[in-house]
Each structure stands twice: as C-alpha cells, then as structure tokens.
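The following paragraphs lead through one protein model, moving between individual residues and the arrangement of its parts. Please keep the sequence and the coordinates at hand while reading.

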Amino acid sequence: MELSQDTKNILGLQLPTDPRWVDLAGISLAAILTDHAYCEQKAALTCISYIQRYSNKEELVEKLAPIVTEEWGHFRLVLNELKKTQPAFGHQRRDEYVNKLIAFQQKGGREEPRFLDQMLMMALVEARSCERFKRLSEGLEDAYLRRFYRRFMESEAGHYTLFIELAERYIDKEIVRNRWKEWLAYETTIMQELESCYKNNHETRFRYPHSFNSPGSNHQPVL
Ligand SMILES: [Fe+2]
Ligand SMILES: [Fe+2]
C-alpha cells in the first residue's frame, strides 16, 4: 500500500529516526521483536479499554473492534518470529516513550479534551511505529524481514489515520488539527530527550532512537 500524500503530510513527525538505527536493530533483532510484541499487546488492550469506556460512541466501537483482532494478530506474528531467535518470550521493559506521552494527556475535567488526547496519543504511537517499520522494511539486509516489517508498516499507517478520523468524527476538525500540532511538537521534544539519555549506550529499543542524529538536525517529514 502506498501512503497517500495527505497521509504523508498529516503524519508530519518532526524528527525522523536515523537510518543507521536499522543497523543496530538488525544486530539486536530479538530485543526489537520483544519490545514490539509488548507494543502490539498494549495496542490491543488499549483498543478494548476505549470500546468499554466509550460504549456510547457507536462508530468508535464498530471501528475499533476489528483493530483489536488485528493488533492481537500482529502480536502472534511477532511472537512466532521471536521463537526463531530465542526460546523464551523476554520480560517487558519500561517504556519511557509511552510514559512521557501519557504525561502530556489532559486528565480530569470535561470528557471531550480527554477523549481527544486519547485518540491523538494513539495516532502518534501508530505514526511513530509506522515510521520505525518503514525504516526496518527498507534497511534490513534480510529480504524476508523487510517484507515482514512492510506488512506492519502498512497496517499501522491505517491505524494512525483511523485514530485521527475518530477524533474528527466526534470533535471539531480545527480543534483536532490544532491539538495534533501540539502533540507533534511535544513528541519531538521527547525524542530529543530520549536521544540524549541513550546517547552513550547501545540501546536499540523499538521506539527509541539510537543517537546518531544530532537532535533536531532534520526537521523534514519522515514519510
Ligand atoms: Fe499493530
Ligand atoms: Fe496499530
């Protein structure tokens, strides 16, 4: 699936992953797959929790129900791949990236802004995942793995747009776009922060950038 120009523009992540991250990902594929497996589980669980919380939003329930199945299918695919490289499913590691995103969410008060942030945070996680999969699908040496990650890239791009659409289904489009810009700017600061934290080690987590880029050196859209 080719992403439309609109999707590429909306995606708009400010700080792209350095292509050389893929080299490290290739070296530590088991670590990447383990993190990825937990990400897929969390995606499925989050969709279930939104279906329960917003059971009165008919379209949301209808659209997210199949995503739960899809994300769980992703988890199983990753688990199968992981079995080829290591016998046991590793432990879940602390996800600083997601914790920092959660800290940015509006909590308390009216439901509308909370709902908006929940949809936009999911959109952002999907967008960054999509970007990482794109890097892997283009940069890994193994042709089988390149195809493996291409499939995820296409799927997560669809999820990214779905969460934006769901936000716009229930909230004024201009409010959504303005808040999305704030999320993008915030995500850039997180990526820069995490880059400097992990600058001097060989951390290769799925969502973390390994620091080759000088932070902020490239502000072009990444897709
Ligand atoms: Fe997924
Ligand atoms: Fe997803």
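Lys42 is partly exposed, because 16 other C-beta atoms lie within 10 Å of its own, and a residue needs 20 or more to count as buried. The model in which this count is made is a predicted one. Lys42 belongs to helix 3. Its C-alpha atom is 8.7 Å from that of Glu71, although 29 residues separate Lys42 and Glu71 in sequence.

Leu29 is also placed in helix 3. Leu29 has 20 C-beta neighbours inside 10 Å and therefore counts as buried. Between the C-alpha atoms of Leu29 and Glu81 there is a separation of 10.0 Å, and the two residues are 52 residues apart along the chain.

After helix 3, which spans 29-53, comes a loop that contains Tyr54 and leads to helix 4, which spans 58-85. Is Tyr54 buried or partly exposed? Tyr54 counts as partly exposed, because its C-beta neighbours inside 10 Å number 19. From Tyr54 to Phe115 the C-alpha distance is 9.0 Å, across 61 residues of chain.

The two helices joined by this loop pack against each other. The angle between helix 3 and helix 4 is about 160 degrees, and their axes are 8 Å apart. Helix 3 is therefore roughly antiparallel to helix 4, since the angle is over 145 degrees. Their crossing is left-handed. By class, the residues in the contact of helix 3 with helix 4 are 21 nonpolar, 5 polar and 3 charged.

These helices belong to a fold with 8 helices and 0 strands. Along the sequence, the pattern reads α-α-α-α-α-α-α-α. The protein has 223 residues, of which 35% are buried. Among contacts with a separation of 6 or more, 74% join residues that are 24 or more positions apart.

Helix 4 also packs against helix 7. Here the angle is about 160 degrees, and the axes are 11 Å apart. That angle makes helix 4 roughly antiparallel to helix 7. The crossing of helix 4 with helix 7 is left-handed. Which residues of helix 4 meet helix 7? On the side of helix 4 they are Glu59, Leu60, Lys63, Ile67, Glu70, His74 and Glu81, and they meet Phe148, Phe152, Ser155, His159, Leu162, Leu166 and Arg169 in helix 7. This contact of helix 4 with helix 7 comprises 6 nonpolar, 3 polar and 5 charged residues. Glu81 thus appears both in this contact and in the C-alpha pair with Leu29.

Helix 7 has a further partner in helix 6. Helix 6 and helix 7 have axes 8 Å apart and pack at an angle of about 160 degrees. Helix 6 and helix 7 are therefore roughly antiparallel to each other. Helix 6 passes helix 7 with a left-handed crossing. The contact of helix 6 with helix 7 contains 20 nonpolar, 3 polar and 5 charged residues.

The next topic is the interior. The largest nonpolar core holds 47 residues, and those that touch the most other members are Met119, Leu120, Ala123, Tyr160, Phe163 and Ala167. Two or more residues of this core come from each of helix 2 (21-27), helix 3, helix 4, helix 5 (96-104), helix 6 (111-139), helix 7 (143-170) and helix 8 (173-197). Helix 6 supplies the largest share, 12 residues. Ala167 illustrates how such a residue is surrounded: beyond its neighbours within four places in sequence, Ala167 is in contact with Leu116, Met119, Leu120 and Val176. Among these contacts of Ala167, Met119 and Leu120 are themselves listed with the core residues that touch the most other members.

Met121 provides a last view of helix 6, the helix in which it lies. Met121 counts as partly exposed, because it has 19 C-beta neighbours inside 10 Å, while 20 or more are needed for a buried residue. Residues up to four places away in sequence aside, Met121 touches Leu101 and Gln105. The C-alpha atoms of Met121 and Phe104 are 8.9 Å apart in space, and 17 residues apart in sequence.

Definitions and conventions: Residues are numbered from 1 along each chain as its sequence is written. Chains are lettered from A and ligands numbered from 1 in the order in which they are written. This is a predicted model: local features need pLDDT of at least 70, side-chain atom pairs count only at pLDDT 80 or more; totals for chains, interfaces and linings use all residues. Helices (H or I, at least four residues) and strands (E, at least two) are DSSP runs, numbered from the N terminus. A residue is buried if 20 or more other C-beta atoms lie within 10 Å of its own, exposed if 12 or fewer, and partly exposed in between; C-beta atoms are placed from the backbone. A nonpolar core is a set of buried Ala, Val, Leu, Ile, Met, Phe, Trp, Tyr and Cys residues joined through C-beta atoms within 7 Å. Two residues are in contact if their C-beta atoms, placed from the backbone, lie within 7 Å. Axes are lines fitted to C-alpha atoms, for helices over the stretch in contact, and angles run from 0 to 180 degrees between N-to-C directions. Angles under 35 degrees count as roughly parallel, over 145 as roughly antiparallel, 65 to 115 as roughly perpendicular and the rest as oblique. A crossing is left-handed if the near helix is turned anticlockwise from the far one by less than a right angle, and right-handed if clockwise. Ala, Val, Leu, Ile, Met, Phe, Trp, Tyr, Cys and Pro count as nonpolar, Asp, Glu, Lys and Arg as charged, and the others, Gly among them, as polar.
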